Amino acid sequence: MAIEFYKNELDLYPIKIQHKFGSPSLILRNGQCENICTFCDGCGPNEPPTKFDEITKQIDYFKSQGYTEIELSGEPPQHPNIVEVIKYISDSGFSYIQMSTNGRKLVDKTFVKQLKQAGLTHCRIPLYGSTEEIHAMTVTPRLKGNPFKEACIAIENCAKEGIIICAHTALVRANQFNLKKILELYYQLTDGKIKEFVVQNIGISNITYEYTKNWYLPATESKAALKDLLDDSKYDDYPIKIIGFPYCVLGRYDDRIAGIYMAPQIGLNTSVGINASLDNPRVPHYNERMRIESCAKCSLANECDGVL
């Protein structure tokens, strides 16, 4: 959906503020994504691209609020004006410009070079497995091609152009003991030059659990997978960040875990709350958090949003 529609329907949001890390994320609508991901609603019906002048209005607003960092999501490489959008952001004085994408259009080296020249500084290209087979448990192609191989090529292309890769995965049943190999693959593809390796917890609602239960790994069952990564001294100096898991999953405080849920915010208005996404039927019901009896006694209760 285009931004102007969202502005009339404030229950839907084109803008989400990652309030724990302080950077806005601008969702560009471009039609259908090339992939179908188990957890994502971004492959919905074809929708007209967000108009360029509406994008610049939001960018101008962010600039007026003092932001110097921004993320573009909603599969931005598909947007017909993406190079111009990035150049506008760069010319507006933003020093950190990140794009989140499946990477399939970034197999084109010329296109990647254009994005770099326009001002793109960082790119988040997720890998949900270190092999095609594991990745395919979460991602299947809507259009012809190989999502895993193309994502790997895109990561290499960006790294060679000096676009810093933000390595990212979601913890699911298929990759729960594959995290270290995913991290090592990112290092191999980028020659060791990544900003961070983010492992995200993706919650789902009871409604969607019935058809994702063979894929979904609840936070309460994630301890072994997290310990396998975080307790291996080989990776002590790696830039690992765990998002959306309560500290009690690991059984201790760890400064690599961000236990705060990043609630959405709506356009130029704000709507922050633990279950904020539930107000919008189009938004995947990530992170339906709840407090249990043990939370009341936890010394980290004020730093954590509860468990899934």
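Which residue just after α7 takes a positive phi? To find out, open the structure, which is a predicted model, and follow the stops below.

**Helix α7**

Begin by selecting residues 179-190, which form helix α7. This helix has 12 residues, and at 1.5 Å a residue it should span 16 Å; its end C-alpha atoms lie 17 Å apart, which agrees. Next, colour the buried residues of α7: L179, K180, I182, L183, L185, Y186, L189 and T190. These buried residues pack against two helices, α6 (147-160) and α9 (223-230), and against the strands β8 (164-170), β9 (194-200) and β10 (240-243). Now step just beyond the helix to D191, the residue that answers the opening question: its phi is positive, at about 60 degrees.

**The nonpolar cores**

Y186 of α7 also leads to the next stop, the largest nonpolar core, which contains 57 residues. Y186 is one of the members that touch the most other members, together with I82, L106, I125, L127, F197 and I242. Select I242 and display its surroundings: leaving aside residues up to four places away in sequence, I242 touches V199, L226, L229, L230, R256, I257 and A258. Apart from this core lies another, of nine residues, including Y128, A170, I202 and W215.

**Salt bridges**

The structure holds 14 salt bridges. Return to K180 in helix α7 and show its partner D228 in helix α9, 48 residues apart in the chain. The closest N and O atoms of D228 and K180 are 3.5 Å apart. D228 has a relative accessible area of 29% and is therefore partly exposed. K180 also forms a salt bridge with D232, where the closest N and O atoms are 3.0 Å apart. D232 sits in the loop between α9 and β10, 52 residues from K180.

Then select K227 and D231, whose salt bridge brings the closest N and O atoms to 2.7 Å. Add R252, D254 and R256 to the selection: salt bridges that share partners join these residues with K227 and D231 into one network.

**Threonine and cysteine**

Move to helix α2 (residues 52-64) and select T56. Is T56 buried or exposed? Its relative accessibility is 10%, so T56 counts as buried. The side chain of T56 reaches the backbone oxygen of D53 at 2.8 Å.

Finally, select the cysteines C33 and C248. The count of disulfides is zero. For C33, the nearest cysteine sulfur is that of C37, 6.1 Å away. C33 is buried, at 13% relative accessibility, whereas C248 is exposed, at 53%.

Technical notes. Residues are numbered from 1 along each chain as its sequence is written. This is a predicted model: local features need pLDDT of at least 70, side-chain atom pairs count only at pLDDT 80 or more; totals for chains, interfaces and linings use all residues. Side-chain values use heavy atoms; hydrogens and water are left out. A nonpolar core is a set of buried Ala, Val, Leu, Ile, Met, Phe, Trp, Tyr and Cys residues joined through side-chain atoms within 4.5 Å. Buried means under 20% relative accessible area, exposed over 50%, partly exposed in between (1.4 Å probe, protein chains only). Contact means heavy atoms within 4.5 Å. Helices (H or I, at least four residues) and strands (E, at least two) are DSSP runs, numbered from the N terminus. The expected span of a helix is 1.5 Å times one less than its number of residues. A disulfide is a pair of cysteine sulfur atoms within 2.5 Å. A polar contact is a pair of N or O atoms within 3.5 Å; within protein, one must be able to donate a hydrogen and the other to accept it, and residues adjacent in sequence count only if both atoms are side-chain atoms. A salt bridge is a side-chain nitrogen of Lys or Arg within 4 Å of a carboxyl oxygen of Asp or Glu.
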